[in-house]
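Dear colleague,

Please find the structure below, handed over for your review. A summary of what was found in it follows.

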Amino acid sequence: MAERSTAAVDVADNSGDDPLTAKADKAATDGVAEAQKKAATSAEATESKAGERKNGEQPSITAPELHSGHKLARRYRLEECVTRLDGFSSWRAVDEKLRRAVGVHILPADHSRARSVLAAARSAALLGDPRFVQVLDAVEENDLVYVVHEWLPDSTELTALLAAGPMEPHDAYQLVSQVSQAMAAAHREGLSHLRLTPSAVLRSSTGQYRIRGLAVNAALRGISAERPQRTDTEAIGALLYAALTQRWPYENDAYGLSGLPKGVGLLAPDQVRAGVHRGLSEIAMRALANDGATASRQEPPCTTPDELAKAVAAMPRIRPPEPEFPLPTPPEFQRTTYQQGTYGRPQQRPAVTQPVVVPPPPLQSRAGKALKWAVSALLIAALGLGSWQIADRLLDQNKGADAPRNTQQQEPGDDDKEPTAEGKPVPVVGAYDFDPEGDGVENHDQIKNAYDGDPNTTWKTMRYDGYSKFGNLKKGVGIILDLGKVQQVAKVEVSFLGTTSVELRTAPEDASSRPDQPGGYATQASQSGTQVSLQPAKPVQTRYVLVWLTDLPSGGGGYRGEISNIKITS
């Protein structure tokens, strides 16, 4: 049941349609509108076979009669039906060729929406963005149309997360940031969602949000919109509103959340619940402001996902809360169930004091006195010999200091920088975790372990599932090492636990602060292994050194990088 609730496709839930979606009636999605028009022509031919429409209502279509164990294309074995609605059904299935779980939508080939579903699925498959649940196949075969997509049993629906209570500000910030950026990328390719509900958003175990049903969910339900970008933007605002308040921002209850009181209008999140982050409350209102809804206090409304993503990026970054460590509790006092006493115990008798034999003073005889004088003489001779050797060495050093100095010293000139000795260790004065394509945090509390010189302490990346290249969610993560000032870097040695691919990158010599994107650093060397020595073609002058991990070893049930030591030499 847990697997079904987190991985089933959201196409059966009719509740919670927002006002924009309810009013929409013209264009379907940005990139598949042309296919939708063709689908409408095909739908009319299909309806003529099934009978004339009465009172503008479409005749009901029966879903294909399939059963568990049925195979599609001799490959996809149906396991469990998770949705059966309006002439189509959705299944959890097994791809027997690749031995993995998948999801499948199935419609009759003569369904009025079959052509638009195929067009939407093929358009979504071309996007190839890992922030969306991927469409793997879209086929018309044996009077059936079916769409195969990824199945993510280890992810959690946003519906379940909201049922547990409002989100922390950092989690809500990550939600609106990642979802708005993903939808902005989709709209740039001409694709929209139109069914962006809490059950269409999943959070993986690494904290990454993924969106399912891009274009396909709307095509299955026959949903269209005059302004698809505005519809998706308002849906993202509703998700953020729910994350901050655990309330749905409309009067009707939906997705297990209570709606707002009737007749009061759209209240700002910080007016619904105390302690809501003021900046996130403003962002939610800017996304929801539309056609009579309550506008934000000062800023203009966001009408596209791209505008919303830029507004979120302009906010001060919200850091995750510091982990709380419980104080150790002292052990409880153990009381015995009986009274201690002497009953039944042998009586202790007073101990008999034994006479202490005092040894005679040592070396009181003539032989003892002679031995003491001999030892004293040897000690005096050893001290004299040691003092003579020390004085002789000091005289030799003074002679060496008076000798002519090396004539190859650097002559003073315009450049007053001190030369750096080759092979000398370069100290690290500070370090920062670097995760520009994710949530910006990569176990920052363990950073010092990477360069403290102790091989028993390590810095670890987060765990990534599915693929060694960070689950195909990002190109890399790393550590920025601050040398305190511009210094010469000739070699960087890195010790890993597990074979890891890594690049050495450096900031420009004139950089006044550390760059916040990978492109701000120049790649100097790359290597893979457990003990790597990264050497630029020639020594470089820089203050900021980036150790950039690009491929991770397996570990902890997924893929994770782990650095035990970093050493920089000039």
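**Internal cavities**

Three cavities of 30 Å³ or more are present in the structure, which is a predicted model. The largest cavity encloses about 190 Å³ of space. Its lining is formed by 22 residues, and those closest to its centre are Val133, Val135, His149, Arg212 and Gly213. Helix 4 (114–127), strand 6 (144–150) and helix 7 (216–221) are the elements that give two or more residues to this lining. Strand 6 provides the largest share, with three residues.

**Helix 6**

Helix 6 spans residues 169–188, 20 residues in total. From its first C-alpha to its last it reaches 28 Å, close to the 28 Å expected at 1.5 Å a residue. The helix is mostly covered, as 16 of its 20 residues are buried. Just after helix 6, glycine 190 adopts a positive phi of about 85°.

**A nonpolar surface patch**

On the surface, Leu371, Val375 and Leu379 make a nonpolar patch of about 280 Å². Leucine 379 is located in helix 12, which covers residues 366–402. Is leucine 379 buried or exposed? Its relative accessibility is 55%, and the cut-off for an exposed residue is over 50%; leucine 379 therefore counts as exposed.

Should you wish to examine these regions yourself, the residue ranges above may serve as a guide.

With kind regards

Technical notes. Residues numbered from 1 in each chain as written. Predicted model: local features only at pLDDT ≥ 70, side-chain atom pairs only at ≥ 80, totals over all residues. Heavy atoms only, no water. Helix = DSSP H or I, 4+ residues; strand = E, 2+ residues; numbered from the N terminus. Expected span 1.5 Å × (residues − 1). Buried < 20%, exposed > 50% of the residue type's maximum accessible area, 1.4 Å probe, protein only. Patch = residues over 30% accessible without salt bridge, like charges linked within 9 Å, V, L, I, M, F, W, Y side chains within 5 Å. Areas by Shrake-Rupley, 256 points an atom, 1.4 Å probe, with all protein chains shown as cover. Salt bridge = Lys/Arg side-chain N within 4 Å of Asp/Glu carboxyl O. 1 Å grid on protein atoms, 1.4 Å probe; cavity = no way out; pocket = protein on both sides within 12 Å on 5 of 7 lines; lining within 4 Å. Points joined across faces, edges and corners; volume = space filled by probe spheres on them.
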